[in-house]
Amino acid sequence: MDLNATLRKLSYVPVIEIDDAANAVPLTEALLAGGIGCIEVTLRTEAGLAAIRAVAKSGLPVLTGVGTVTRADQVLMCVDAGAQFAVSPGFTEALGAACRRANLPLLPGTVTPSEVMIALDAGFTMLKFFPASIYGGAAWLKAIHGPLPQATFCPTGGIRDEDIPGYLACPNLSAFGSSAVASRALIAAKNWDEITARAKKLMAMVCAARPV
Ligand code: 3PG
């Protein structure tokens, strides 16, 4: 699978904080019903890994990533649970090496040109840009494309609806992410209809700005 091409096609990655793994499959179904074919389940909650395992076991047609991976010792557990890619808020050599050994694609987090260069040197070209709104948003992506065109980015953090066209206009965007479609509270409340409605609304904005 060409992960960058797949993410570009999907355009949007919902960042998930989930408290009960039993909610993972209905959540994924709600997202799919709204036109979203990817999830990033973060390890910020105890239930994260079990949620990934449940989605992988369900056979639902969704690209499943694991987020908030910060330590090398988490990598094998993520692979075992069925994660197809990993996302980190930052980058360490140890994490990069562990993901390479495990054959797990990693999107390391970067916010400065030097961090991007370090990640590129380590062999990672698909990067996370976090927290995007604080570090310059789409203008940062546009600016970094000049000197470092080989890097592509998944920005997350504070991305609002009105920012979407700007991000989608960046040639170095893989996909953008947020917690706006499937917030922790909506998932805990099992409000699948609202999640599907938010997914449809967001994907309509994406389609209007970039045909998918
Ligand atoms: C992330 O982990 O990528 C962010 O917390 C998601 O950002 P948001 O909650 O501001 O959308």
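Me: What does exposed mean here, and what is the relative accessible area of Asp 80?
Reply: Buried means under 20% relative accessible area, exposed over 50%, and partly exposed in between. The model is predicted. Asp 80 is exposed, and its relative accessible area is 54%.

Me: Which residue meets Asp 80 in a salt bridge?
Reply: Asp 80 sits in helix α4 (residues 75-81) and its partner in helix α3, so the pair ties together parts 27 residues apart in sequence. The N to O distance is 3.2 Å. The partner counts as partly exposed, at 36% relative accessibility. It is Arg 53.

Me: In which order do the six strands of the open sheet run?
Reply: The pairing is parallel. β5 (106-107) and β9 (176-178) stand at the edges with a single partner strand each, so one side of each has no neighbour in the sheet. The order is β5-β4-β3-β2-β1-β9.

Me: Which residue in β3 stands opposite Val 41?
Reply: β2 and strand β3 (residues 63-67) run parallel, joined by five bridges. Opposite Val 41 in β3 stands Val 66.

Me: What angle does the direction of α3 make with that of β2?
Reply: α3 packs on the sheet and touches both β2 and β3. Its direction and that of β2 make an angle of about 155°.

Me: In the open sheet of three strands, which are the edge strands?
Reply: The order is β6-β7-β8, with parallel pairing. An edge strand pairs on one side only. That describes β6 (109-110) and β8 (152-155).

Me: Which residue in β7 is the bridge partner of Gly 109?
Reply: β6 pairs with strand β7 (residues 126-129) in the parallel sense, over two bridges. Gly 109 has as its bridge partner in β7 Lys 128.

Me: How many residues are in the largest nonpolar core?
Reply: Residues with the most contacts inside this core include Ile 16, Val 116, Phe 176 and Ile 195. Helix α10 (residues 192-209) gives the largest share, six residues. Apart from this core lies another, of 11 residues, among them Cys 38 and Met 126. The largest core has 60 residues.

Me: Which residues does Ile 195 touch, leaving out those up to four places away in sequence?
Reply: Ile 195 is one of the residues with the most contacts inside the largest core, as are Leu 27 and Leu 31. Both of these leucines are on its contact list. In full, Ile 195 touches Leu 27, Ala 30, Leu 31, Val 181, Ala 182, Leu 186 and Ile 187.

Me: Is Thr 45 buried or exposed?
Reply: Thr 45 lies in the loop between β2 (38-42) and α3 (48-58). Leaving aside neighbours within four places in sequence, Thr 45 is in contact with Glu 17, Ile 18, Asp 19 and Arg 184. The cut-off for buried is under 20%. At 9% relative accessibility, Thr 45 counts as buried.

Me: Which residues do shared salt-bridge partners join into one network?
Reply: Arg 184 and Glu 17 meet in a salt bridge of 3.2 Å, N to O. Arg 184 is in helix α9 (residues 184-188) and Glu 17 in the loop between β1 (12-16) and α2 (24-33), so the pair ties together parts 167 residues apart in sequence. Both are partly exposed, Arg 184 at 37% and Glu 17 at 23%. The network joins Glu 17, Asp 19, Arg 44 and Arg 184.

Me: Which helix holds both Glu 194 and Arg 198?
Reply: Their side chains meet in a salt bridge, 2.8 Å from N to O. The two residues are four apart, about one turn of the helix. Glu 194 is partly exposed at 29%, and Arg 198 at 32%. Both lie in helix α10.

Me: What angle lies between the planes of Phe 91 and Phe 124?
Reply: Phe 91 is in the loop between β4 (85-87) and α5 (93-102), and Phe 124 in the loop between α6 (113-121) and β7. Phe 91 is partly exposed at 23%, whereas Phe 124 is buried at 7%. The pair is edge-to-face, 5.7 Å centre to centre, and the angle between the planes is 65°.

Me: Why is the pair of Trp 140 and Phe 153 edge-to-face?
Reply: Planes over 60 degrees apart count as edge-to-face. The ring centres of Trp 140 and Phe 153 are 5.2 Å apart. Trp 140 is buried at 13%, and Phe 153 at 0%. The pair is edge-to-face because its planes stand at 85°.

Conventions
Residues numbered from 1 in each chain as written. Predicted model: local features only at pLDDT ≥ 70, side-chain atom pairs only at ≥ 80, totals over all residues. Heavy atoms only, no water. Core = buried A, V, L, I, M, F, W, Y, C linked by side-chain atoms within 4.5 Å. Buried < 20%, exposed > 50% of the residue type's maximum accessible area, 1.4 Å probe, protein only. Contact = heavy atoms within 4.5 Å. Pairing = 2+ DSSP bridges. Salt bridge = Lys/Arg side-chain N within 4 Å of Asp/Glu carboxyl O. Axes fitted to C-alpha atoms, helices over the stretch in contact; angles between N-to-C directions. Phe/Tyr/Trp six-rings, centres within 6.5 Å; stacked < 30°, edge-to-face > 60°.
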